[in-house]
Structure formats: C-alpha cells, structure tokens
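Start with the annotation, then follow the sheet, the domains and one residue near the start of the chain.

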2 protein chains.
Amino acid sequence: MANNFKEESTKEINIIMQQSQSAFEAYQKTSAEQKALFIEAIADEIEALGDALLQKASEETNLPLPRLTGERARTTGQLRMFAGMLREGSWVEASIDTALPDRKPLPRPDLRKMLVPLGPVVVFGASNFPFAYSTAGGDTASALGAGCSVVVKAHPAHAETSEMVYQAIKKAIVSSNMPEHVFQHVHGTSFESGKALVQADDTAAVGFTGSTVGGLALLQYSSERKKPIPVFSEMGSINPVIFLPDTLDKNAADLAVQYAGSITLGVGQFCTNPGLMLAIEGEGLDNFYKLLGSGIEAIKPAKMLHAGIHSAYEKKSHAALEQEGITSVVKSATEAVDIEAQPTIALVSAETFLENHLLHEEVFGPYSLMVSCKDEQELIKVLKSVSGQLTTTVMGTDEDFAGHSNLLQLLPTIAGRVLFNGVPTGVEVCASMVHGGPFPATTDSRFTAVGVNSAKRWVRPVCYQNCPDALLPLALQQANPTNIWRLFDGEWKK
Amino acid sequence: MANNFKEESTKEINIIMQQSQSAFEAYQKTSAEQKALFIEAIADEIEALGDALLQKASEETNLPLPRLTGERARTTGQLRMFAGMLREGSWVEASIDTALPDRKPLPRPDLRKMLVPLGPVVVFGASNFPFAYSTAGGDTASALGAGCSVVVKAHPAHAETSEMVYQAIKKAIVSSNMPEHVFQHVHGTSFESGKALVQADDTAAVGFTGSTVGGLALLQYSSERKKPIPVFSEMGSINPVIFLPDTLDKNAADLAVQYAGSITLGVGQFCTNPGLMLAIEGEGLDNFYKLLGSGIEAIKPAKMLHAGIHSAYEKKSHAALEQEGITSVVKSATEAVDIEAQPTIALVSAETFLENHLLHEEVFGPYSLMVSCKDEQELIKVLKSVSGQLTTTVMGTDEDFAGHSNLLQLLPTIAGRVLFNGVPTGVEVCASMVHGGPFPATTDSRFTAVGVNSAKRWVRPVCYQNCPDALLPLALQQANPTNIWRLFDGEWKK
C-alpha cells in the first residue's frame, strides 16, 4: 500500500527511539495529574478535528460515518478512562509488608512494591479500527497512561487519518507542556521499518493488532534482539459459538436475527467476529440454519476496508467453500461489486471439519461456518481441535446448561472471554474485560488489550526495601497521601 | 556433569509432557483445599526425609548443614505459603463489573474476570539452592499453587538430592489422591533434553534459575516453537551497592563488617551477591576499603558448589584482576585449596570501569569490585552503564540522601528491588517482594520469581460475560462464597 508519506530509514528510526527514551525519562518526572490532563487534551484535540476526521477516515476505510462516530467516541472514552485511572491511582497495585523487627530467626524488613513503566513502547495500529486500535487507540492510551513514551507506526491503509490524529496529539503535547517526543509517529510501508522499530536498542515493548502473519513476524524480529522485550500481538480468532439444542428449539428465530447481525456487523471486519458455529445435528439445527440463511440473504454486501482485505476475503472464502464436504452455502441475495464482500454462511459435518485444517482458518469478513456435530462428544472434539481464541460463546437455556457441564468447563480453556447468550462482537472497555486469549489469538495470553488492565503489558514491579518514608513514591508512603487502594499487610485498604 | 540417572529421549519427553497435560486437566478439577493439602503434604514429606536429605545435599553441594537446614525451612515455608494462598483465595484477582442494563447508547453486560492456570510448566532448578530454587522450590511451588502441573529437570549438580525430593513429592501425590503425573521429574545432562522440554507441544511455560548462557539458550529454544510460550529466566546480576560519603565518614567500620559478610555469604554463591560497589573518591572511601579489606582477609576460603563453578570463578576473577587499571586487590589471608574460593575484593577507577566491559561481568563467587568515582555525576554514569539488575542498594545517612536525589531516582530504573541501608543477600518471601528486574537479570521484568506474586507467571485472565451465577467459578459468584478480596465495581471488597 503506497502513500504520500516518507519512509524512515533504520538509522532514522534508531534516532526516533533514542528521542523516545529521553522523552520517557522526562515524562516519568511529570505528575499523575499532568499526565491525566495531557491524555484528556489528546481526546479534546481529536474531537476538535470534527467531521473532517470522520470524513477522511471514511474515505480511507469505507467505514460508514455512524460507525466511525461511535468508534471515535470509544477512542476518546478510552483515553479519558486512562486519565481517570491515573487520577484514581490504584492501578499501580501498591503492596506493603511492614517490618517485623522482632521476628525470629530473622527480622522482616519493610517491603513496598508498586508498578513502574517499562520505557518506549512501539505500537502497530490495526487496519480495521482507524481510531480505537490505531494512532491514539487502546495500545497508545494504555502505554501513555502507564507512563511510557510511544512511537506509532501508522497503518498504511489509513495513513492520512493517522496523520490527522498525530497532529492532534502534537497539539496536546504543546498545550500540556509535555516532552516533545513523548509521542512520535512514523509512516512507512516496508517490512524494514517495522523490523527497525522492533529491533531498536531503546524499544522497551511492542503492541500489535492485526494479522497472524504480521504478529508473528514482529515476534520473530524481537527474538533476534540481544535484549529480549515483551511483544503483545493480538491476531486472528474465529470465535466459536455453540448453539445448544433446547435454545435452538425454542429461540431459533431470535438467534438467527442476532447472529445474521453479528456475522455481518462492520462487514465482518471485527477480531471478535463469530467465524465458527457449532451445534448438534437435528431439526433444531436445520431450522436455525435455514432462518440464519434467510437473514444472510437479506443483508446487502458492503465495501471492505481496502482492496487487500477484499481480495484476501475472496480468496479465503472461495478456498473454504470449495472444500469437499461443504454441504450448503448461503450468500446474500445481492451480488457484490467492486470491493464489496458478500455475506456468506456454509455448513459442514464435524467429521469433515476435523479432517480438514483449512476449514479452521480465519476468513476475515462477513463469513461463518456452521459445523454440524453428531452429539456433545463430537462437539467437544471439534472445540478441542480449534486453537486459542479471543472469545467463545454458548447459546443455551438453563436446561441446556444443566445437561452440558463438560462442554461448559472446556470453554474457558480455549479463550480469553466466555460469553453466555450474547454475541462476541462488542468489546466493553472496563476492568473485568479480557480481550486476549491463548495463542494464536495473542502471543501472550497473560494480558488483555482492552480495559484498564491493558496497561499491565507496559509495566513492571519495583520493590523498595527499608526506604525512608519521605523518599518513597507517593503511592507507597505510609500515610497514603494519594488515597489509593493498597494491599497493606494482606488487606486491601485505602 | 555425569550422574547415574537415565537420560530421557526427546520422544520420551514428549510423552512426559502429554502426561503432564492430562494431569493438568485432572488437577484443575480438584478444589483449592485439595490442592492446599497436597502442597502441605509435599512440605511434610520433605521434612520427613530428615537429616538424610540434608546430608545428601551437603555431599553434593558442599553447602554446610546449618545453611541447608535454613534453606529447607524456607522451601517448606514457601510451599505452605502457597497452600495458604490457595485457602485464602484472593490471588485469583477476581474483578466484577456488574451489568448496566439502562446505560445509553448501549447497555453494559455483566463481566467477571479471574486468573486461571496456563498448563504444564517446565522448571529448570538452580545449582546454588538445592532446595529453595530446585525440585520443590519456588517455581514448582508457585506453579502447583497456580493450578499448573509441573515437570522439573533436576540440576545435575545435585541429582540425588533432587531425586529424594521427587520421591517425597510422589508420596504426597499418592497420599493426597492427586493425578499421578501432576508432578514429574527428569534427569539428564544434555542440552537435548532441555531443548525437548522447552519445545514439547504441551509445554505451556518455562521457569529457569541459573546462568545467563543457560537462560538465553532456553529463550532461543522457545523462539523456535510454532506456538510461543512464556519463558521466565532469572539469570546473572552484579547488584550494585552505592556507599555515599557521609555514611562512609560516620559508619565505615560497621559497613565493612556488614559487607565483608554479605560478599562472602554462602561462598558468594547468591544471585543477589553484591558484586559491584560504587563510591566517591576521598578519605572516607580509602578508609572503608581498608577496613573492608581487613574483613575479607580474615574470612577463610570455603568449598564452592562444584568443580565447574569453582573453575569459572577462578577464570573469571583472574581475568578481571588482570585488567589494566586495577589499582588494588585484597584477598583472604588463607590460601584456597581444592575447589575452595578465595574471597577477593578489588579497586578500580570509574574511568577504567566505563572503558572496560569485561569488568561489568558477573564473577559468581565471593568477589566484589569497588569502583572509585570522581563525583556524583561520574557515579551516575557508572550506574547507567551497568545493565538490568535484581537489586541495587544505597548506603547513606539522611544527609546523604538529601544531597543525592538524582542518584536515588535512577535506582528503580535499573533493578527490581531497591534497598536502603541493608545488604542485598537475603530475599524475603512475601507479597511485596520483587525478585526480578530488567534484562539481563531476567528475561521478563514484569514478573517476580519470589513471593506469592511469582504465581502470576503461570496464569492468565479469563472473563465471563453474562454467565448465570450458578455456572460461575466460586470466586466470581455474586455471594462471594469463598470470602475473597474482589474488585467489585471498582472497590476492593470481601
């Protein structure tokens, strides 16, 4: 994807990362309140760009304005959440074990622990969220919130949108009196610049949202470093959804409406898109599949993000549908033109699915494969055969759940989030959210990319032993001057 | 290091890891109380081995019985701490965001998050702690506590001690009615078996304590895996100690006693051994160095753990002492024989130290290098030149601290633990401990190897969305039946 922006050389990128390190050191000296004001200023400046930003993003991504309006609100909301996190302060996970001078055989020293930022974070934005997972998206917001400096590599598919957001951040840097290089932005379409960003000496961590191929390439680059760094890549997921028999019997029509919507939401271009459906064969499934098919037929094709994603959708969906054993294909009744994607569902037996690994692959777009299983045992076998996922969902009545406890126990072992009677699209931004999961959904299942806890990717604990109170960071001082939640001799206290 | 135990083939190791995966699945179905009883039974069985275990360990490691008695107590104490962690239950970091059905524009679903175990953990024990960082050491205890199965590769330097501990764990498995393969033990002295353990499909995570070369080799093996896994290697550290001027003037004699002891404790074979000392030149430093030298002269050489560590000590200390610019060397007045290590300190200028990277390398044993700096600025330069550390220590009076705030701010940026007026040897086992630090102290500074939080290396979060209360794990049920600390709509509550 070519664009009009300059490509930085490896040498230039190394300088950018050095500047990021210096800015990190200066940023660490600013207060939580100053950081919060800065992050809020970013949100304000993004809003100040008004409709021009939405127009540009729509031009570059083909996403409709209402969706982009919502995504912008999520992005600014996310930024303000991290400002709130900084003001509230408890995110540092302060833990205090006071001295036991009389303990035998040895006294215990005074030990106090809190989280501190890692250093410059390199962020690779996603193509499918030009705001929320991009220049000022979740990775950037969480890293700035954690106290790290950030260098974003703009996604070439929406380079001009990214540039506009970058200019907004620059304004916020100036108005908040922040170090000039606390946030930097590079364009570039080559693998070289991505490699240089990951391999620069000063890079302390990497965040990525995108394809499996891209995420694994960054992991490979990082494994060539002398000094290892954490790389969090959020990659593909087919988000299995299980429809249990009783709910299929009782709620087929509602389920069909719900899932025709979820499969095609945003032209299927969500990492939590339900790409795999599982059910036990029978009349209930036949009826549901028919109703879902009618729903899909009625949904009009829409333009995808860019030509590359469209041709990948064409290629991958055709490859899947051509496999032996696909017993039904239902498409939108309207023919897709240009770079539109035609909503599609297909049906296959569990036996065929288990034998053919190609059918396990993500088809990024408005596509979902229904796997018909003989019984619960076969359904469990299918579920065990798919790799790590961002989400897994089960649709069922109380009667269904009572009769499938083995299946329910399996769900949390394969995904970061388990949903009951809902759709996986839609990711709430809060403390209990997990947007992550076992490989290949992410490269490190111990972290989440969404919610306040996403900041944990960019921090490490530091322990102070017998430090004089006045020399401690505010979060660890005896009097708790910032009034945060702390684990004080084993009790959470303010 | 050859021994009498069988070397497992790669094929056999893959079977062991498959067994570990099956055992993991069964172990997950046991209650927290059952796991706690099992872990306590391990501690009991280790104690039941009595003096025979201490004797064997002393034969294999040359460590004296009092030290081994203390280390055994720490090991069983650590196991019981994880049993306590399981019973208390709050370690799962339960977080609950309740539904907001009336929120506009979209309702918020009910979201509940907790930590769950990753799967089979492979542990490589250390040579310098035959109990506390070995077969039933911190990595094993934290992994079993987190709900993971464990496979330990015994350190060949104390294979028979490890085997005895393994037999104790086997007894505990039987008496606690645990899955047979929840803990397994392999010997083997080849790189091949280590590689096979790291690269087995079923391995979910790796813990290692030992040399930089060993830790990096495991990281390299893991980077060749198709499915990335977390590798936590705790490796070398020279643990800089800064002696500030006022305390040198006032407390030189006490400091010399304290540090002659810390440098030679356990024949200097601790990862937190103070291998580097920094001070500003002047009479205070001259006087302290002389007193410390007298202390070192008076300490008798003692046998190291094994011939390999001894020859590395000889080689590395000689190489360092032969460097141009070493202006003084003080050794124990008693000549070392056999595989004894001769306690040694040396003096060098900051200028020389900064120019010669060989002097930055860890000399594992009773050795420490004093770097004499012209002023605070040069001292800061020296500190910035050393890489990531487990600990960094500052010795000073209130007057010292008031006059060196720039220096104090630097300390937490290079280490996992910052000590004031103490010695880095001695690692308290508690919630606020951080035994970790920036690379090369560890391969991932976001974690600790000691304390309850060491279990966080082996867990990942799972979120339940709109899950019926009765189907939730106990930790997330509305009524909080296990009475644990939970972050409930932003407030820590029981």
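UniProt positions are given here in the numbering of this structure, and annotations may be inferred rather than shown by experiment. With that in mind, UniProt places the feature "domain: Aldehyde dehydrogenase" at residues 5–403 of chain A, in an unreviewed entry. The model itself is predicted. In it, the end C-alpha atoms of residues 5–403 of chain A lie 58 Å apart. Helix takes up 48% of that span and strand 18%.

Now turn to the sheet. It is open and built from 12 strands, with mixed pairing. Read in order, the strands are β11(A)-β13(A)-β14(A)-β9(A)-β8(A)-β15(A)-β16(A)-β17(B)-β2(B)-β1(B)-β18(B)-β19(B). Strands of chain A and of chain B thus appear in one order, with β16(A) followed by β17(B). The edges are β11 (326–331) of chain A and β19 (491–493) of chain B, each of which pairs on one side only. From one strand to the next, the twist averages 20 degrees.

Take the edge in chain A. There, β11(A) pairs with β13 (residues 344–349) of chain A in the antiparallel sense, over five bridges. Within this pair, Val329(A) stands opposite Ala346(A) of β13(A). Helix α11 (residues 307–321) of chain A lies across β11, β13 and β14 (367–373) of chain A. Its direction is at about 145 degrees to β11(A). Helix α13 (residues 376–385) of chain A packs on the sheet too, touching β8 (240–243), β9 (276–280) and β14 of chain A. The angle between α13(A) and β9(A) is about 160 degrees.

Next, the domains. The assignment splits chain A into domain 1 (10–235 + 443–487) and domain 2 (240–420). The centres of domain 1 and domain 2 of chain A, taken over C-alpha atoms, are 35 Å apart. Their contact draws 10 residues from domain 1 of chain A and 12 residues from domain 2 of chain A.

How much area is buried between domain 1 and domain 2 of chain A? About 890 Å², with carbon and sulfur atoms giving 58%. Asn62(A), Asn128(A) and Glu234(A) supply 46% of what domain 1 of chain A buries against domain 2 of chain A, more than any other three residues. The rule finds zero salt bridges across this interface.

Finally, look at Lys6(A), in the segment before α1 (10–28) of chain A. Lys6(A) and Gly188(A) are 182 residues apart in sequence, yet their C-alpha atoms are 6.6 Å apart in space. Leaving out residues up to four places away in sequence, Lys6(A) touches Glu12(A), His187(A) and Gly188(A).

Technical notes. Residues are numbered from 1 along each chain as its sequence is written. Chains are lettered from A and ligands numbered from 1 in the order in which they are written. This is a predicted model: local features need pLDDT of at least 70, side-chain atom pairs count only at pLDDT 80 or more; totals for chains, interfaces and linings use all residues. Side-chain values use heavy atoms; hydrogens and water are left out. Helices (H or I, at least four residues) and strands (E, at least two) are DSSP runs, numbered from the N terminus. Two strands pair if DSSP finds at least two bridges between them. Axes are lines fitted to C-alpha atoms, for helices over the stretch in contact, and angles run from 0 to 180 degrees between N-to-C directions. Contact means heavy atoms within 4.5 Å. Domain bounds come from an automatic or database domain assignment. Buried area is the accessible area (1.4 Å probe) that two parts lose on being put together, summed over both. A salt bridge is a side-chain nitrogen of Lys or Arg within 4 Å of a carboxyl oxygen of Asp or Glu.
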